[in-house]
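Trainee: Could we go through this model together before I set anything up? I would like to start with the metals and the ligand.

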Amino acid sequence: MEINTLIVDDSKSILATTAEFLTNLNITSITCVESGEEALNLIKSGNIKFQLIFVDLNMPGMDGMELIRLLSKEHFLGGAVILSELNENIVQLAADITNESRTHLIGCINKPVTEENLSAILQKLKSLDHRTEESPENLLSVNEIENAIFDNRVIPYYQPKVNNQTGKVESLEILARISLPDKINTITASHFIGIAEDNGLIEPLTLSILRSVMKEFPTIKEEFGELCKLSLNISPLTLNNKNLPSDLVKLIGKYGYNPSDFIIEVTESYPIDNSSQLETLNRLRIRGFDVALDDYGTGYTNIQQLKKLPYTEIKIDRSLIYNIANDKLSQVVAQSLFSIFDELNVQIVAEGVELPDDLNYLNNLKIPITLQGYIVSKPKIIENICRWHQVWKKRIPHLEMVVKNG
Ligand code: C2E
Ligand code: CA
Ligand code: CA
């Protein structure tokens, strides 16, 4: 695996064993240093871009805690793993980092380090990195995307978002797929969204998918109820268009729907950094759309900035949710986020719930949150999502039991 890894520990034997385990796990680029000062200089020099850093907490001179604080000041964007037991100080460090900066504290490993706990960390890093580009041969060409838009071959898939207290489907997220004339399987979003964004096609694509969705909305309301909303993904680039809110209102109005039927999801993949984007976001809200911040925890927004933005929903990225049932540090970070947003009256969504243990953990929280992920349902075309719901409805009483007994 091409992950540039740095290990910082004052013990040579720990450096050697950790490096050996990582090599066994197919990590090829490993750098070891014996002090925080060395690590900081190396990162400041920028010669190697580290994606992952393991930091011993107890070192003479600069200790691990200080190193991680300094790294977050340097806008280090990789993942940081602490080599120590979870303790009060680490919990505080995690809280500070979430409040102020962008470093991803992805885990805490008790010594002795084992191959097993390193492997779990790598798994987590992979999910943090799931937005990395597809390899070029798998990407659609600009032409293929243009034709798909023109020929109505951008297909809406729907993935349910369910309430952890009641099991009810509160909304469905619209996820774009493209069907190619000569292929049986549809093409998933990561193979074309980036290209569409880079080539001025993201807005036509969004409007095209929305038109298809409008024709299917009556069926959705009938199966999922009048209150069920649809979540539409909007690229932050699209927010530069100040007419977006009125264009959307016009389009959905033509089919008899209201902004309150929709949640507009905006990813954190680019910072919302200019006033026209902010204005559009506010205008969407004023028009009556709900607005969600997508992939929270992967990008640019810290909590202080978030409080100033008009979001009604925060989607916690799956890198924080994956394996949460067995990861004390994720639990601490997530719980503190949950309670902050709950106080702010913002809907919380846990994204990418995949593991049964994680589902149980989230179901048993006292705070109402919304769950989305493969374990509930994969994204499906309209007929299949309706069929899924007919089975799901029968399971809801059982879910309520789980919550009550837990
Ligand atoms: P996203 O908005 O974060 O959407 C969630 C992605 O995670 C979807 O990938 C979904 O299939 C996947 N997912 C859901 N549950 C799980 C799970 O339990 N485990 C794992 N591993 N993955 C899960 P998809 O459909 O490939 O979409 C990728 C991204 O492309 C989306 O991420 C979104 O940012 C973008 N996208 C999709 N459709 C549109 C669209 O119509 N317009 C725009 N602008 N972006 C879109
Ligand atoms: Ca989304
Ligand atoms: Ca997301």
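Mentor: We shall take the metal sites, then ligand 1, then the cysteines. This is a predicted model, in which local features need pLDDT of at least 70, side-chain atom pairs count only at pLDDT 80 or more, and totals for chains, interfaces and linings use all residues. Residues are numbered from 1 along each chain as its sequence is written, chains are lettered from A and ligands numbered from 1 in the order in which they are written, and side-chain values use heavy atoms, with hydrogens and water left out.

Trainee: Which are the protein donors of the calcium ion (ligand 2)?

Mentor: They are Glu-173 (OE), Asn-233 (OD1), Glu-265 (OE) and Asp-294 (OD), at 2.1 to 2.3 Å from the ion. Donors here are N, O and S atoms within 2.8 Å of the metal, or 3.2 Å for Na, K and Ca; water is not among the atoms, so sites may look incomplete. Along the sequence, the donor residues follow E-x59-N-x31-E-x28-D.

Trainee: And which parts of the chain does the pair Glu-173 and Glu-265 tie together?

Mentor: Glu-173 lies in strand E7 and Glu-265 in strand E9 (residues 262-267), so the pair ties together parts that are 92 residues apart in sequence. Strands (E, at least two residues) and helices (H or I, at least four) are DSSP runs, numbered from the N terminus.

Trainee: Is Glu-265 buried or exposed?

Mentor: Glu-265 is buried, with a relative accessible area of 0%, and Glu-173 counts as buried at 4%. Buried means under 20% relative accessible area, exposed over 50%, and partly exposed in between, using a 1.4 Å probe and protein chains only.

Trainee: How far apart are the calcium ion (ligand 3) and the calcium ion (ligand 2)?

Mentor: The two ions are 4.1 Å apart, and Asp-294 coordinates both. For the calcium ion (ligand 3), the protein donors are Asp-294 (OD), Asp-295 (OD) and two OE entries from Glu-351, at 2.1 to 2.6 Å. Their spacing along the chain is D-D-x55-E. Asp-295 sits in strand E10 (residues 290-296) and Glu-351 in the loop between strand E12 (347-350) and helix H14 (356-363), so this pair links distant parts of the chain, 56 residues apart. Asp-295 counts as buried at 10% relative accessibility, as does Glu-351 at 11%.

Trainee: Switching to ligand 1: how many residues surround it?

Mentor: There are 21, and the closest are Gln-159, Arg-177, Asp-294, Glu-354 and Tyr-374. A residue is near a molecule if one of its heavy atoms lies within 4 Å of it, and the same holds for a strand. The shell divides into eight nonpolar, six polar and seven charged residues. In that scheme Ala, Val, Leu, Ile, Met, Phe, Trp, Tyr, Cys and Pro count as nonpolar, Asp, Glu, Lys and Arg as charged, and the others, Gly among them, as polar.

Trainee: Which strand gives the most to that shell?

Mentor: E7 does, with four residues.

Trainee: Which oxygen or nitrogen atoms of ligand 1 do the side chains reach?

Mentor: Polar side-chain atoms of Glu-173 and Asp-294 each lie by an oxygen atom of ligand 1, at 3.1 Å for Glu-173 and 2.9 Å for Asp-294. For Arg-318, a polar side-chain atom is 3.2 Å from a nitrogen atom of ligand 1.

Trainee: Finally, how many disulfides are there?

Mentor: The count is zero, a disulfide being a pair of cysteine sulfur atoms within 2.5 Å. The sulfur of Cys-32 is 20 Å from the closest cysteine sulfur, in Cys-108, too far for a bond.

Technical notes:
Polar contact = N/O pair within 3.5 Å; in protein donor to acceptor, adjacent residues only side chain to side chain.
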